[in-house]
Amino acid sequence: MTEVEVLQLLVSPAHRLAGRPSDGPSPGPSDERVPRVEVRRGLGLVGDRYYARPAHRNAAVTFMAAENLPADADLRQTRRNVLLRGVDIDSCVGSTIALDCGTGPVLFAVNRPARPCAWMDVTIGPGAQRALRGRGGVRCTPLSDGVITVGPATFRVVAGPGDAGP
């Protein structure tokens, strides 16, 4: 088990980074970053734009490591849902992980990398897309219901790639 910190949570009801990056992001609600999210097994984060969308079930929740971002960057710029400090989340592809913020572990299947797009050069700064290759976070499926909150948490790999599972 590893001690980590959940730095930010983002639940966005709208897709703000659509169209051409040169046009800039669409305006969004001011309350996208939240202190607490409800996770639903197989569905995602309650209130998020990808919640219960069949096309996004294997990518309903995205995690990113704070260590891969500039100090002043945040989730509104990357469009990831959970920003963690203290774990190399990008190395967990193919694993089942557990994140416990004090109310019990929430399990996730880490399915694939979240590849950075051209929007990163607009929202974070020139060169960000290239700098984040292989470090852009991961796309996950929630395997259990639970709650994630900003603050200290424990993180563990429950099953690695090729294991039978939790």
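This report walks through the fold of one protein chain, from its overall layout down to single residues.

**The whole chain**

Keep in mind from the start that this is a predicted model. The chain contains three helices and ten strands. Reading from the N terminus, the order of elements is β-β-β-β-α-β-β-β-α-α-β-β-β. The chain has 166 residues, and 46% of them count as buried. About 8000 Å² of the chain is exposed, with carbon and sulfur atoms supplying 49% of that area. Now think about which parts of the sequence meet in space. Among contacts with a separation of 6 or more, 71% are between residues 24 or more positions apart.

**The barrel**

Which strands make up the closed barrel? Seven strands do, in the order β1-β5-β4-β8-β7-β6-β10, and their pairing is mixed. From one strand to the next, the twist averages 40°. A little background helps here: strands of a sheet pair through backbone hydrogen bonds, and they can do this in a parallel or an antiparallel way.

Strand β6 is a good place to look at this pairing up close. On one side, five bridges join β6 (residues 96-100) to β7 (residues 105-113), and the two run antiparallel. On another, β6 is joined to β10 (residues 151-159), again by five bridges and antiparallel. Here are some of the residue partners to find in the structure:

| Residue in β6 | Bridge partner | Strand of partner |
|---|---|---|
| T96 | A109 | β7 |
| L99 | V106 | β7 |
| L99 | F155 | β10 |

Strand β6 is also mostly covered, as four of its five residues are buried. The hairpin of β6 and β7 has four residues between the strands, and G102 there takes a positive phi near 115°.

**The nonpolar cores**

Next, look at how nonpolar residues gather. The largest nonpolar core has 27 residues, and V6, F63, L84, L99, F108, I148 and F155 have the most contacts inside it. Strands β1 (2-9), β2 (36-40), β4, β5 (82-85), β6, β7, β8 (138-142) and β10 each give at least two residues to this core. A second, separate core has five residues, including M64, A66, A73 and L83.

F108 is a nice residue to explore in the viewer. Leaving aside residues up to four places away in sequence, F108 touches V39, V61, F63, S95, T96, I97, C140, T141, P142, L143 and I148. Two of the names on that list, F63 and I148, appear with F108 among the best-connected members of the largest core.

**Two residues to compare**

Is T62 buried or exposed? T62 lies in strand β4 (residues 61-65). Its relative accessible area is 4%, which is under the 20% cut-off, so T62 counts as buried. Beyond its sequence neighbors up to four places away, T62 touches R79, R80, N81, V82, V138 and R139.

V46 has another setting, in the loop between β3 (44-45) and β4. Its relative accessibility is 37%, and because this falls between the 20% and 50% limits, V46 counts as partly exposed. V46 touches V11, E38, R40 and Y51, again not counting residues up to four places away in sequence. You can also look from V46 to S12: these two are 34 residues apart along the chain, and their C-alpha atoms are separated by 9.8 Å.

Note on methods: Residues are numbered from 1 along each chain as its sequence is written. This is a predicted model: local features need pLDDT of at least 70, side-chain atom pairs count only at pLDDT 80 or more; totals for chains, interfaces and linings use all residues. Side-chain values use heavy atoms; hydrogens and water are left out. Buried means under 20% relative accessible area, exposed over 50%, partly exposed in between (1.4 Å probe, protein chains only). Contact means heavy atoms within 4.5 Å. Accessible areas come from the Shrake-Rupley method with a 1.4 Å probe; for residues, only the protein chains shown count as cover. Two strands pair if DSSP finds at least two bridges between them. Axes are lines fitted to C-alpha atoms, for helices over the stretch in contact, and angles run from 0 to 180 degrees between N-to-C directions. A nonpolar core is a set of buried Ala, Val, Leu, Ile, Met, Phe, Trp, Tyr and Cys residues joined through side-chain atoms within 4.5 Å.
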